[in-house]
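Thanks for making the time this morning. I would like to walk you through one structure, and I would ask you to keep it open in front of you while I talk.

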Amino acid sequence: METVQQKKRVLAIDIARGMSVILMMMIHTMLIYGTIPTQTNTILGEITLWLGRGTTMFLVSMGISFVLSRRQTFTAVCKRALYILAIGYGMNFLKFLVPEFVFGGLPQAFVSAYGLQSGTLETGIFFLLLGDILQLAGVTLFIMGLINHFSKSKYVPLAAALLIIAVSKELSGFRIGITGLDYICDLLFSNQFNVYFPVFPWSAFILVGMFLGRWYKELNENQEIFFKKMLLVGVGFIVFGSLLNFSNPEYHFGDYYHLGPGGSILLLGANLVLYWLINIVVQLFKEDNSIFNLLIFCSKHVTSLYVIQWVLINWGMYVIGFWNQTQLAVLALFPAVIALSISVQIVYNEIKILLATKWSIRPNRFLKPVRSVLKIKS
């Protein structure tokens, strides 16, 4: 999911993905710390939860970046998929199991929200296997690898995405009744919160990104035409998705994490139109500015920042509490979580550099990473 080397960087995609990282930190902060009334009955809660719908932009970005990546062999894609899955389950270990040993167990209020008891083996296994974005990304990479291996047509990933969207709600909750294999079914079709982003329907967002990436290459990387066509596709999706949602709102968009066809199509369309709008904004401002550079930094490190922010937010429950902060408190926590997550990322980058090179003491060594992110002159 990290940014890959491209022949010609699509700045709007980088900016959009960086924005989705920041929005992701905000919504996770709200979901973990904000009281239920704060989440559902305040202006900040309503805005944050709706902005959270935009975090799916990096799923579409993942598909686009996949096409522009040089790592296109089936073996390389499968290795990448296994790597992402390992990171996903490693993140679960850091988020949930490490606190069991360090803090003496997860907060009971948090565990009770899942209908579980703190400190039990069942609870530990449940949280270790919890399905999230990284599990979705890993499994979808296998699908993309197969598509890429057998077909170069841009319409194949689009057809696969639309098929997944069409059947997802009907397959939602499907299990075969065999322990172990049922977990695989949950990763694909879950309608419960042991898997937040099941492959059906969420892989469709990544596959649509794959379609767009191939389309972009067919257009000889003409960004102006590409974003205009993206706008047309997005508007078409919004119109069709809205009609479906109007016919049966509960079925199509009643559960954000387990969407029906109308919800998926509407959300996809909204994201594509948002990409077009972001591209317009990018054209209006110079590329070399602190905000853009910060967002590009977040885009480049999307996977590691995803892990870092989740671990920090989960561990923060032992200090801040779970579901007990007011609107103003959550608002104050937004910049704190964002700044701390990015700071940890910078330190992590520096440690990797130090491990790869000999240690040398230089003036302003630890200020340079920050200047590098924001392009601040010494």
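Before anything else, a working definition: I will call two rings of Phe, Tyr or Trp a pair if their centres lie within 6.5 Å, taking the six-membered ring in the case of Trp. Please also bear in mind that what you see is a predicted model. With that definition in hand, F96, F110, Y114, F126, F127, F322 and W323 form one aromatic cluster, and a search of the whole structure finds 25 aromatic pairs.

Let me take one of those pairs in detail. F103 and W315 are arranged edge-to-face, with 6.0 Å from centre to centre and 80 degrees between the planes. This pair links distant parts of the chain, since F103 sits in the loop between α5 and α6 while W315 belongs to helix α16, 212 residues apart. Are these two rings buried or exposed? Neither term fits, because a residue must fall under 20% relative accessible area to be buried and over 50% to be exposed, and F103 comes out at 38%, which makes F103 partly exposed, while W315, at 32%, is partly exposed as well.

A second pair can be set beside it. The ring centres of F226 and F227 are 5.3 Å apart and their planes stand at 70 degrees; the pair is therefore edge-to-face, given that angles over 60 degrees count as such. Here F226 is buried, at 2% relative accessible area, and F227 is buried too, at 1%.

From F227 we can step to I296, which lies in helix α15. The two residues are 69 apart in sequence, and their C-alpha atoms are 19 Å apart in space. I296 has a relative accessible area of 16% and is therefore counted as buried.

F226 leads us in another direction, namely to L212, whose contacts beyond its neighbours within four places in sequence are V60, I64, F226, M230 and L272. L212 has a further role in the packing: the largest nonpolar core has 104 residues, and among them F110, W202, L212 and Y275 touch the most other members. The largest share of this core, 14 residues, comes from helix α1.

Helix α1 also holds H28. How accessible is H28? Its relative accessibility is 10%, so H28 counts as buried, and, leaving out residues up to four places away in sequence, H28 touches Y306, Q309, W310 and I313. W310 has another partner, because K95 lies over the face of its ring, at 3.9 Å from the ring centre, and a lysine is taken to sit over a ring only if its NZ is within 6 Å of that centre.

Now to the helices themselves. Helix α5, residues 74-102, has 29 residues and reaches 40 Å from its first C-alpha to its last, which is close to the 42 Å expected at 1.5 Å a residue. Where does α5 bend? The bend is at L94, and it amounts to about 35 degrees. Just after α5, G104 takes a positive phi of about 80 degrees.

Helix α8, residues 133-150, makes a useful companion. Its 18 residues should span 26 Å at 1.5 Å a residue, and the end C-alpha atoms are indeed 26 Å apart, so the two values agree. How many residues of α8 are buried? The number is 13 of its 18, and α8 is thus mostly covered.

Notes: Residues are numbered from 1 along each chain as its sequence is written. This is a predicted model: local features need pLDDT of at least 70, side-chain atom pairs count only at pLDDT 80 or more; totals for chains, interfaces and linings use all residues. Side-chain values use heavy atoms; hydrogens and water are left out. Helices (H or I, at least four residues) and strands (E, at least two) are DSSP runs, numbered from the N terminus. The expected span of a helix is 1.5 Å times one less than its number of residues. The bend at a residue is the angle between axes fitted to the seven residues ending there and the seven starting there. Rings of Phe, Tyr and Trp (its six-membered ring) pair if their centres lie within 6.5 Å; planes under 30 degrees apart count as stacked, over 60 as edge-to-face and the rest as tilted. Buried means under 20% relative accessible area, exposed over 50%, partly exposed in between (1.4 Å probe, protein chains only). A charge sits over a ring if NZ of Lys or CZ of Arg is within 6 Å of the ring centre and within 35 degrees of the ring normal. A nonpolar core is a set of buried Ala, Val, Leu, Ile, Met, Phe, Trp, Tyr and Cys residues joined through side-chain atoms within 4.5 Å. Contact means heavy atoms within 4.5 Å.
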